Amino acid sequence: MKLSSTPVRIAILGIFAAGLHAKEPVLKTPGTATWMTEATSTGTRTVFTLTKNTVFDWDQLNLKSGSELVFDFKEGETVVNFLGGTQTHFIDGAVMSNGNVAFFSPTASLAVNGSIIAKGVTLATLNADADKFSNGNGYEMSGLEGYKSLTINGRVEATGGDVVLGGQRVILRDTARIQASQDVLIAGGIDVSVSTSGDRRLKENSGLGFVLHLGETRGSRIEVAAGKEIRNQGRIDADKGRIFLEVGADGMITNESSGVIVGNAVFTGNFENSGVILVPDEGDMAPPIGESTLTIPQLSRPDGTQVISGPRTFSVTTPMSASSDAGRDSNTGDGASVANVASLGRGISSGRTARLNGETTVAKATNTRRSSSAPVMPQITRLSGTEKPLAQRGAGKLMLQRSSFFGMRGGNTAIAKR
């Protein structure tokens, strides 16, 4: 370990221990790092200056809320932190870095209640080889069966790479926010391999492991693999990217009622869905006809006389544009329909026919976007040719419900049952 001077070192250690509630880490790669700690208004700020890929051993890590741990790379790009002991390690403060940061806790649970923001972030209650992890050619994580868990309540963000989470039990609470500029890889198991590229980068080999996802995860590509079970009650969002969810031979994937999956999803294993799966836009292609319901509120003429005696609802049969924003409603594997509020500011698809007050009518409108915040209702025209104009009103008065067949854009979601 290198410190600027003995007197400074004594002062640093006192503040370091107070802010982190941790013993000074053991530097496993001598001569590559220095660090200093200073008091702040909310806790402490410890800055590690790194000149090569670095490895630290920690007996116990407890970064208090309000304190900061910074890994500043002058050279190199990876720091590996091995956490020892059997007591749970806590990151309640903020970890920041301009490089790749990893925390491996093979013998104890790890809880992240604060934030970790770095170029790349890896968190696991498993062990790994530091050299293989740092060389960028893929690595393996393994551990013993037990009750250790990786629990995320806070924020984990990779600003220039991947977020990798691993452990026999991986739990993302409802306050968890995971985001990566590249891939998010979540593994529930005790024998996990991670490759650097390929269609599938993550593999769980033990047949053990559980992932509970209650929060929000976003990445350009997302993989979740678990030996026994994946349960989603939060939001998994890859936008137009790929999402892979895979369990072992006897495992189960469950997307529960509050679960939302956005992306081109592939499920491998037994799959149960009561949540929402959204397939992203794929351009202005003509989809099949969909049934809709249009609710029109009570209206009156400028002189105060009523046009319609009260609110009316009628069914609508209309072609739906795959590129419209309303196309981002629920597209579920079993064809379940979900109500979606459409923006009148974008107009309503033309060519709709309906029954209104016993008369056959046609709703005429365009798909042209309007810059005005006050939408204009389509004109209701009887087939006889007489027109009945409808007054302008706020978008909150119109509910457009649409049932859309999940596979209408074709080939975006695959389910493989073992």
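Two strands count as paired here if DSSP finds at least two bridges between them. On that footing, the predicted model has an open sheet of four strands, ordered β14-β15-β22-β23, with antiparallel pairing. Its edges are β14 (127-128) and β23 (202-204), and each of these pairs on one side only. The link between β14 and strand β15 (residues 139-142) runs over two bridges in the antiparallel sense, and A128 has M141 of β15 as its bridge partner.

Stepping back to the whole chain, the secondary structure adds up to two helices and 41 strands. Of the 418 residues, 49% are buried. The chain exposes about 18400 Å², with carbon and sulfur atoms supplying 49% of that area. As for how far contacts reach along the sequence, take those between residues at least 6 apart: 48% of them join residues at least 24 apart.

Another open sheet has nine strands, and here the pairing is parallel. The order reads β5-β8-β11-β16-β19-β24-β27-β29-β31. At its edges stand β5 (62-63) and β31 (270-273); each has a single partner strand, so one side of each lacks a neighbour in the sheet. Further in, strand β11 (residues 110-112) pairs with strand β16 (residues 150-152) in the parallel sense, over three bridges. Within that pair, L110 sits opposite L150 of β16. Strands of a sheet, whether parallel or antiparallel, pair through backbone hydrogen bonds.

Strand β8 (residues 89-91) of this sheet starts with a histidine worth a look, H89. H89 has a relative accessibility of 0%, so it counts as buried. What does its side chain do in there? It reaches the backbone oxygen of G84 at 2.7 Å, and one of its polar atoms lies 3.1 Å from the backbone nitrogen of L61. Setting aside neighbours within four places in sequence, H89 is in contact with D59, Q60, L61, L83, G84, S105, A108, S109, L110 and A111. L110, the residue opposite L150 in β16, is thus one of the contacts of H89.

I91 is also in the picture, as a member of the largest nonpolar core. Leaving out residues up to four places away in sequence, I91 touches L61, L63, F103, L110, A111, V112, N113, G114 and I116. The core has 53 residues, and those touching the most other members are F56, F71, I91, F103, L123, I152 and L165. Strand β28 (residues 235-247) contributes the largest share, five residues. There is also a second, separate core of 19 residues, with V80, A102, A130 and F133 among its members. In soluble globular proteins, nonpolar side chains tend to be buried together.

L165 leads on to strand β18, where it lies on a covered face. Five of the five residues of β18 are buried. Both faces are covered: V163, L165 and G167 are on one side, and V164 and G166 are on the other. In a regular strand, side chains alternate between the two faces of the sheet. Strand β13 (residues 120-124) runs parallel to β18 and is joined to it by four bridges, with A124 opposite G166. β18 also pairs with β21 in the parallel sense, over five bridges, and in β21 the partner of G166 is A187.

How far apart are the C-alpha atoms of V163 and D183? The separation is 6.5 Å, although the two residues are 20 apart along the chain. V163 belongs to β18 (residues 163-167) and is buried, at a relative accessible area of 0%. Beyond four places in sequence, V163 touches V121, V156, E157, A158, I178, Q179, A180, D183, V184 and L185.

D183, for its part, is in strand β21 (residues 183-188). Is D183 buried or exposed? With a relative accessible area of 10%, D183 is buried, the cut-off being under 20%. The D183 side chain makes a polar contact of 2.9 Å with the side chain of R201. Apart from residues up to four places away, D183 touches G161, D162, V163, R201, S220 and R221.

Terms used: Residues numbered from 1 in each chain as written. Predicted model: local features only at pLDDT ≥ 70, side-chain atom pairs only at ≥ 80, totals over all residues. Heavy atoms only, no water. Buried < 20%, exposed > 50% of the residue type's maximum accessible area, 1.4 Å probe, protein only. Contact = heavy atoms within 4.5 Å. Polar contact = N/O pair within 3.5 Å; in protein donor to acceptor, adjacent residues only side chain to side chain. Areas by Shrake-Rupley, 256 points an atom, 1.4 Å probe, with all protein chains shown as cover. Core = buried A, V, L, I, M, F, W, Y, C linked by side-chain atoms within 4.5 Å.
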